[in-house]
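Thanks for sharing this one. Please have the model open as you read, and take the points below in order.

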Amino acid sequence: MKSFWTRLRVRLVDSPSMKRAVAWLIWQLMRMTTGTNRFVPGSHDIDGIIGADPNSIFALWHGQHLLAPALMPRWLDTLALVSRSRDAELNALVAERFGIEVARGSGGRPDQRLHGKGGAKALIMLRKALDAGRAVCMIADVPGGTPRSAGMGIITLAKISGRPIIPIAIATSRRIVLEKTRDKTAINLPFGKICVIFGCPVSVPENADEQSMEKTRQALTDEMNAITDKAYLKVEGSR
């Protein structure tokens, strides 16, 4: 099986047509998942909360974010930051199928800003989108960093744009967890229960120094972990 998957992964990386085919299958699975999962009591009103301030930075954890493109309101004018890695290209193709524009780049590790890997260019695109009144969606933690620990990139974006970060957690009762991945990626499945929880907005003052930004980064980390735990408790405990 390992040998088979390795050969398949190589073909997927090298074949644009296969990437599009797999992206289409994932898109269909996500549509089925959102269409057949029932929201549990206590799940937040997605349209209502996002509609109250759509010109925001919506943040999710890596590995817990896969269903987000299918849940974002269709009326929301969104720009999403997706890693430039080959593995993340499928994420970009699926997001585009849901009408979400994609910027490729890195979110920045805790001790970094958005440098390298297309980060600086992506930062400019994201800020321009926010300045134009659009929504931005990005992963708060970054590949290669500590899972479920916010990077400094999203904090930097909030500082220079003046827009709040809105944490989001998504959990489904039926899921496959890839235990060997760093972030315990959850593949959400149909015919179960779903919970979406929004956290308290996190803002960064324009004059925030590095110490203040680090405290905000930790506060965002704590808030996102708290709502993630809450979302999973709700889908597991509801009937």
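The notes that follow cover one strand and its neighbours, then some salt bridges.

1. Please keep in mind that this is a predicted model. A good place to begin is strand 2 (residues 57–60), which is covered on both faces. Ile57 and Ala59 are buried on one side, and Phe58 and Leu60 are buried on the other. In a regular strand, side chains alternate between the two faces of the sheet.

2. Which strands pair with strand 2? Strand 5 (residues 135–139) does so in the parallel sense, over 4 bridges, with Ala59 opposite Met138. Strand 6 (residues 165–172) also runs parallel to strand 2, joined by 3 bridges; here Ile57 has Ile165 as its bridge partner.

3. Turning to charges, the whole structure holds 7 salt bridges. One of them joins Glu89 and Lys19, with the closest N and O atoms 3.0 Å apart. Glu89 sits in helix 5 (residues 89–97) and Lys19 in helix 2 (residues 16–36), so this pair ties together parts 70 residues apart in sequence. Glu89 is partly exposed at 26% relative accessible area, whereas Lys19 is buried at 13%.

4. Arg134 and Glu101 form another salt bridge, at 2.9 Å from N to O. Arg134 lies in the loop between helix 6 (119–131) and strand 5, and Glu101 in strand 4 (residues 101–104), 33 residues apart. Arg134 is buried at 16%, while Glu101 is partly exposed at 38%.

5. Do look at Asp131 and Arg127 too: their salt bridge has its closest N and O atoms 3.8 Å apart. Both are in helix 6, 4 residues apart, so about one helical turn separates them. Asp131 is exposed at 53%, and Arg127 is partly exposed at 37%.

How values were computed:
Residues are numbered from 1 along each chain as its sequence is written. This is a predicted model: local features need pLDDT of at least 70, side-chain atom pairs count only at pLDDT 80 or more; totals for chains, interfaces and linings use all residues. Side-chain values use heavy atoms; hydrogens and water are left out. Buried means under 20% relative accessible area, exposed over 50%, partly exposed in between (1.4 Å probe, protein chains only). Helices (H or I, at least four residues) and strands (E, at least two) are DSSP runs, numbered from the N terminus. Two strands pair if DSSP finds at least two bridges between them. A salt bridge is a side-chain nitrogen of Lys or Arg within 4 Å of a carboxyl oxygen of Asp or Glu.
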